[in-house]
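Here are some short exercises to work through with the structure open beside you. Try each task before reading its solution.

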Amino acid sequence: MVLGRQGSGKGTQCARLAERFGIRHVSTGDLLRDAVRAGTEMGKRVAPLVESGALVPDATVVDLVCDEAQRSDWEHNGFVLDGFPRTVAQAESFFSLVGTLDEDRSSHPDVGLDAAIALEVPVEEVVQRLARRRVCPVCGTIVTVDDASVDQVPCPLGHGPAVRREDDEPRALRRRLRLYEEETGPLLPWFEERHLLHRVDGVGDPDGVFERVLEALGALLDLQP
Ligand code: AMP
């Protein structure tokens, strides 16, 4: 799984990992936004939280991820988790549902976590990156604009305008960054205690960051990048 503050490039790096290893990319942010767009019961409940940058209740996201796990035969195929877990409570309840995860990793879970990659990017840099991020509401393609004052640009796949995500607006973004420090920050020592954490410098072009992610995984999983 990949951790990192908003705008650290988690989504990009998770998509690359999924492609490289032929595994599923599960983004709780995407699943929640899909539910909001589809207007499902759960989508209606979480819409104000997602749009304002608040965290969705732990039980809701844990259920969502467990449903995905059941649907997609994860145990056999593997997966990359993007944006989940985001709190220690989510990590504990997810791993107690899908498998055990002891501090010393002495017992091997059925569905366990091989590695937690923490992408490290300073706050000032992510604020600048997100000010230039526009997203197609139809296909999710991200466009980075040169000029942060430009509100809309065409979706490269022709769906219409790519716009600023509601939760990238300055007020919501400040809230999300604060929540990251308060709620997600404690997950770093949690994973570290379990010998799963690998910190990766997330500054620089996505190709260079991906090389560093693969190097980190190589050490942890003995994979050949
Ligand atoms: P993201 O695309 O990962 O930045 O997520 C967008 C929004 O979805 C977040 O600001 C939260 O409102 C919600 N969200 C996504 N993942 C989680 C999670 N694991 N726990 C709680 N809320 C989440």
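**Exercise 1.** Find which ligand atom lies 2.9 Å from a polar backbone atom of Gly 83, then look for other backbone partners of the ligand.

*Solution.* Start at Gly 83 in this predicted model: its polar backbone atom sits 2.9 Å from a nitrogen atom of the ligand. Next, go to Val 56, where a polar backbone atom is 3.1 Å from a ligand nitrogen atom. Finally, at Ala 54 a backbone N or O atom lies 2.5 Å from an oxygen atom of the ligand. Each of these pairs counts as a polar contact because its N or O atoms are within 3.5 Å.

**Exercise 2.** Work out how much of the ligand's accessible area the protein covers.

*Solution.* Take the ligand on its own first: its accessible area is 480 Å². With the protein in place, 97% of that area is covered.

**Exercise 3.** Describe the shell around the ligand by residue, by class and by helix.

*Solution.* Begin with the residues: there are 17 around the ligand, and Thr 28, Arg 33, Ala 54, Gly 83 and Gln 90 come nearest. Sorted by class, the shell has eight nonpolar, five charged and four polar residues. Now turn to the helices: α2 (28-38) and α3 (41-52) each give at least two shell residues. The largest share, four residues, is supplied by α2.

**Exercise 4.** Step back and summarise the protein chain.

*Solution.* Count the elements: the chain has 10 helices and nine strands. Then consider burial: of its 225 residues, 44% are buried, meaning under 20% relative accessible area. Last, the accessible surface comes to about 11600 Å², with 49% belonging to carbon and sulfur atoms.

Definitions and conventions: Residues are numbered from 1 along each chain as its sequence is written. This is a predicted model: local features need pLDDT of at least 70, side-chain atom pairs count only at pLDDT 80 or more; totals for chains, interfaces and linings use all residues. Side-chain values use heavy atoms; hydrogens and water are left out. A residue is near a molecule or strand if one of its heavy atoms lies within 4 Å of it. A polar contact is a pair of N or O atoms within 3.5 Å; within protein, one must be able to donate a hydrogen and the other to accept it, and residues adjacent in sequence count only if both atoms are side-chain atoms. Accessible areas come from the Shrake-Rupley method with a 1.4 Å probe; for residues, only the protein chains shown count as cover. Ala, Val, Leu, Ile, Met, Phe, Trp, Tyr, Cys and Pro count as nonpolar, Asp, Glu, Lys and Arg as charged, and the others, Gly among them, as polar. Buried means under 20% relative accessible area, exposed over 50%, partly exposed in between (1.4 Å probe, protein chains only).
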